[in-house]
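Let's work through some exercises on a protein model together. Try each task on your own before you read the solution.

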Amino acid sequence: MIKIRVLEILFTGIDKCEKSASAYWDAEICKWAAKYYVEALELIKQKMVKERGVSCKLLVDANHENIDFLKTLDFLEIRHLEGLRGNFGLYDERLYMVVIMQGGDDKLVQTFFSNSMSLVRKQISVYQDLWNMAKPLSSRIKELEFQNINGYDRSLFGIEDIQNEINFLIEQTKQELTIFSNYNILKRIFDSNMLINLNAKLRNNIVSKILVDNYDHQIQNQIKVLNDKNRTSLIQFEYTNRLGEFNEMIVCFDGKYVLQIQLDKDGSFVGSFTSDSNKVLVQQILFEKHWNEVKSLEIVNE
């Protein structure tokens with residue numbers, strides 16, 4: 001009976017909303033919504049979005065358990081932020097709502113509404129700050145696909161797809177990024193502003209190592225400028241002429257994923273992605289072998 005009364009109140013709020021609605025769900029309320037809120041969501045879709053053109057946003061902690069449900073809500077603009085706790089909703093920037101829960105997903109206690117402008121403004125500010133920090137659901141879906149899938153392999157074709165994949169994976173990197181590459185391929189993949197673009201996407205405290213087969217004075221100067229800006233993530237760049245014929249680019253992300261990029265016989269880029277732990281480990285060992293050789297030679301030549 002409690003959940004019926006809660007839904008009746010929610011329907012009232014939905015019916016009165018005219019311009020915008022924003023919701024904040026943790027994993028618990030999302031689980032409840034998937035079970036009991038389907039009717040309300042259909043009403044939002046038909047009455048608010050299609051008939052009245054109301055802009056609807058959902059900020060949610062998306063995980064393996066709820067991602068299939070969230071994929072069905074294509075009429076909402078959804079973003080993911082890990083670690084959300086609690087829930088609240090905002091209607092037309094004039095009404096605040098929270099569902100108070102106790103225990104399991106069937107134990108709803110009450111729904112609290114407030115039209116206090118002071119409270120609504122504060123919650124709007126909180127919501128906007130979190131929204132700006134969150135990632136689109138499409139990115140979260142890809143991230144979940146990569147997690148805990150040992151041996152996941154797929155191919156990429158064309159420079160644009162490969163660049164998009166690299167950008168996405170760099171944004172997900174949390175600890176270490178290594179690039180082992182033919183210099184000409186590196187320049188074409190990252191373009192003339194490659195290090196500036198790379199630097200902008202890196203999170204703080206990321207270890208970044210780039211090893212190429214040819215020296216470039218311009219890149220060295222670029223790195224010096226970037227590293228002198230008091231960043232917590234420094235880019236280390238080295239080159240070696242001991243690779244022989246090396247016509248590929250290998251990028252390793254957090255020791256979990258490897259993207260290998262080559263040119264096919266027609267001169268087009270082909271990428272191969274894997275999360276196979278053995279393949280990743282092999283590439284890590286090879287990179288460290290060459291990196292350590294370069295560092296050892298530097299010490300000898302000093």
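**Exercise 1. Find how strand 9 and strand 12 pair, and name one pair of facing residues.**

Solution. Step 1: Strand 9 covers residues 176-181, and its pairing with strand 12 is antiparallel, over 5 bridges. Here a strand is a DSSP run of E with at least two residues, a helix is a run of H or I with at least four, and both are numbered from the N terminus. Two strands count as paired if DSSP finds at least two bridges between them.

Step 2: For the facing residues, look at Leu-177, which stands opposite Phe-253 in strand 12.

A word on the source: this is a predicted model, in which local features need pLDDT of at least 70 and side-chain atom pairs count only at pLDDT 80 or more, while totals for chains, interfaces and linings use all residues. Residues are numbered from 1 along each chain as its sequence is written, and side-chain values use heavy atoms, with hydrogens and water left out.

**Exercise 2. Follow the chain from strand 12 through strand 13 to strand 14, and describe each hairpin.**

Solution. Step 1: Strand 12 (residues 248-253) and strand 13 (residues 257-263) are antiparallel partners, with 6 bridges. Phe-253 has Tyr-257 in strand 13 as its bridge partner.

Step 2: In this hairpin 3 residues sit between the strands, and Asp-254 takes a positive phi near 55°. Gly-255 also belongs to the loop between strand 12 and strand 13. With a relative accessible area of 28%, Gly-255 is partly exposed, because buried means under 20%, exposed means over 50%, and partly exposed lies in between (1.4 Å probe, protein chains only).

Step 3: Gly-255 and Ser-275 are 20 residues apart along the chain, and their C-alpha atoms are separated by 9.1 Å.

Step 4: Strand 13 and strand 14 (residues 269-274) run antiparallel and are joined by 6 bridges. Ile-261 has Gly-271 in strand 14 as its bridge partner. Their hairpin has 5 residues between the strands, and Gly-267 in the turn shows a positive phi of about 85°.

**Exercise 3. Complete the sheet: which strands are at the edges?**

Solution. Step 1: Start from strand 9, which runs parallel to strand 10 (residues 207-212) and is joined to it by 6 bridges. Ser-181 stands opposite Val-212 in strand 10.

Step 2: Strand 10 in turn runs parallel to strand 11, with 5 bridges. Here Leu-211 stands opposite Glu-238 in strand 11. Strand 10 is mostly covered, with 5 of its 6 residues buried.

Step 3: Now write the order. The open sheet has 7 strands in the order 8-14-13-12-9-10-11, with mixed pairing. Strand 8 (153-157) and strand 11 (235-239) are the edge strands, since each pairs on one side only.

Step 4: Remember the general idea. Strands of a sheet pair through backbone hydrogen bonds, either parallel or antiparallel.

**Exercise 4. How many cavities of 30 Å³ or more are there, and which residues line them?**

Solution. Step 1: A search of the whole structure finds 2 such cavities. A cavity is a set of points, on a 1 Å grid over the protein atoms alone, where a 1.4 Å probe fits but cannot get out; lining residues have an atom within 4 Å of a point. Grid points are joined across faces, edges and corners, and the volume is the space filled by probe spheres set on the points.

Step 2: The largest cavity holds about 280 Å³ of space. Its lining has 23 residues, with Ala-23, Trp-25, Tyr-37, Ile-44 and Tyr-91 nearest the centre. Strand 4 gives the most to this lining, with 5 residues.

Step 3: The second largest cavity holds about 30 Å³. Thr-178, Phe-180, Ile-250, Cys-252, Gln-283 and Phe-287 line it. Strand 9, strand 12 and helix 11 (277-301) each give two or more residues to this lining.

**Exercise 5. How many disulfides does the structure have, and are Cys-30 and Cys-252 buried or exposed?**

Solution. Step 1: The search for disulfides (pairs of cysteine sulfur atoms within 2.5 Å) finds 0 in the whole structure.

Step 2: Cys-30 counts as buried, at 0% relative accessibility. Cys-252 is buried too, with a relative accessible area of 6%.

Key
1 Å grid on protein atoms, 1.4 Å probe; cavity = no way out; pocket = protein on both sides within 12 Å on 5 of 7 lines; lining within 4 Å.
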